[in-house]
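Notebook open, structure loaded. I want to look up a few spots and jot down what I find.

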Amino acid sequence: MHHLESPGQPALVALDWGTSSLRAWSLDQDGTVLSVTTSRDGLRAVGERAITNGQEPAQAFAETLSAVSEQLGASGVPALACGMVGADGGWTTAARLDLPLPADAMALQPTAVLNTSPAVRIVPGLKTSPDATGASDVIRGEETQVLGALARLGNPTEANFILPGTHTKWLQVAKGKIVDFATAMTGELHAALLDATILGDPTRSAGTTLSTTSTTDFGAFDSGVTHSLTHPGQPFAARLFSARTRYLSGEIAPSSIPSYLSGLLIGDETAAMLPRTRPDSGVPLALCADGPLGKLYQRALAAQGVHVPLLEDTALDGLRAIARAWGLLPNNFASISAHLA
C-alpha cells in the first residue's frame, strides 16, 4: 500500500527511461509535478558505465536512479518507470503483453524490481503477433505515452499515433484496444549514418557531431524531405547518396548534412507509413513527442498535406494514470481490489 505523503511533498518519481535518454519527474500525492530533470543516461549509457566500472547492471541502474532522485529532491521515494529500462539488458525484464490489449491503465500492471528500497516498478511493454514471415514487433514506453495521449484527445475508441524517437512507432487503437503497431529505426539509422559512413565524413571533419548539433537547418531538412517524396521509385540506398553529392556540389554545408539526412529519412518513413493510418478516414491522428523531433515529423507530414497535433509529455500523463490505477498514487483503490479479486 502506498504511504500517503502531504501535498507538495514528493510521493513518486516517474521516469520515461529510454534507449538513449532519461526524463524524470517528482510528483506529489496529487500527481502534481514538483521538479523535472533530463539526461543522456539511457539504457545504453548505463549499461556501458556498468561494464567500464565492473558493476552488475542492476547496481548501475540503482545508482543512476539514486542520483536522479537526489537531483529531483525526492531521495528515498518509490519510483515508477516505463521504457527500455524494462527490456532485456535493462534493470529487470518486464513482461511484453500480447495484442490486442485494452488501452487502459489497469491492463498494464507494473513489474516490481527485486531487492530495491524504496520500491521500483516498471511498466510492461507490448508485442504483436508474428506476421507471415514469423517476425513480431515490440514496444516499451510508447504504451504509456498512448494512455496519456488518448486522455488528451478525450479517450476516443479509435485513434492512430506516431511516436517519434530512436525507434519511431506507428500505433493503432481500435474499439478501445491497442491492436497493432510497427517500428521504424529512423533515429538510430540517422545516428549510424552520421557516425560510421562517408555521408558523415564532412560533418565529423568540421568538428560537428550529432551530439553537438542543437539546431536544425530547416532548408536542408525540407530539401531532404522533398528528395525522398519526389523519388519514390528510387531505392532508398540510392537516395541516401544524394547527401554526398549535394555536399560535393556545394548545395549543403557540412553542418547541414545532419538536417538533410534527417529530412531524407523522415520523409521516406512518413511516406511509407502514412497509408496505415488511413488519414482520410476521420480517425484521429496525433504525434506524441517531446523536444524538436516531433516538430520535424509535423513538418514532413505537412509537406504531404497531412496536418496533425503534437502532444507533449504524454508519457508523464500515462505514468500518472498507471500509478493511480495500481495504488502508487492515491486513487482507485476499490478498482484495484475488484480487479485482483
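**Entry 1: a loop glycine.** I started with G207 and asked: is G207 buried or exposed? Its relative accessible area comes out at 55%, and the cut-off for exposed is over 50%, so G207 counts as exposed. Note to self: this is a predicted model, so every value here is computed from it. I then checked where G207 sits, and found it in the loop between α5 (201-205) and α6 (218-230). I also took a distance from G207 to V33, which is 174 residues away along the chain. Their C-alpha atoms are 38 Å apart.

**Entry 2: helix α3.** Next I went to α3, residues 142-152, and counted buried positions. I got 9 of 11, so the helix is largely enclosed by the rest of the structure. The buried ones run E142, E143, T144, Q145, V146, L147, G148, A149 and L150. Just past the helix I checked the backbone: α3 is followed by G154, which has a positive phi, near 90°.

**Entry 3: Q145.** A glutamine on that list made me look again. Q145 belongs to helix α3, and its relative accessibility is 11%. Buried means under 20%, so Q145 qualifies. What does Q145 touch, leaving out residues up to four places away in sequence? I found L163, C288, T314 and A315.

**Entry 4: V146 and the cores.** I moved on to V146 and used the same kind of contact list, again skipping residues up to four places away in sequence. V146 touches F161, L163, L171, V173 and I178. I then pulled up the largest nonpolar core, which has 37 residues. V146 is among the members that touch the most others, along with L80, L126, F161, L171 and I322. Which helix gives this core its largest share? That is α11 (residues 314-325), with 5 residues. Apart from this core I found another one of 23 residues, including W17, L22, A81 and V120.

**Entry 5: α4 against α9.** Last lookup was a helix pair. The axes of α4 (residues 186-196) and α9 (residues 257-273) come within 10 Å and cross at roughly 145°. I noted the crossing as right-handed. From α4, the contact uses T186, L189, H190, L193 and L194. From α9, I listed I257, P258, L261, S262, L265, I266 and E269. Sorted by class, the contact between α4 and α9 has 8 nonpolar, 3 polar and 1 charged residues.

Conventions:
Residues are numbered from 1 along each chain as its sequence is written. This is a predicted model: local features need pLDDT of at least 70, side-chain atom pairs count only at pLDDT 80 or more; totals for chains, interfaces and linings use all residues. Side-chain values use heavy atoms; hydrogens and water are left out. Buried means under 20% relative accessible area, exposed over 50%, partly exposed in between (1.4 Å probe, protein chains only). Helices (H or I, at least four residues) and strands (E, at least two) are DSSP runs, numbered from the N terminus. A nonpolar core is a set of buried Ala, Val, Leu, Ile, Met, Phe, Trp, Tyr and Cys residues joined through side-chain atoms within 4.5 Å. Contact means heavy atoms within 4.5 Å. Axes are lines fitted to C-alpha atoms, for helices over the stretch in contact, and angles run from 0 to 180 degrees between N-to-C directions. A crossing is left-handed if the near helix is turned anticlockwise from the far one by less than a right angle, and right-handed if clockwise. Ala, Val, Leu, Ile, Met, Phe, Trp, Tyr, Cys and Pro count as nonpolar, Asp, Glu, Lys and Arg as charged, and the others, Gly among them, as polar.
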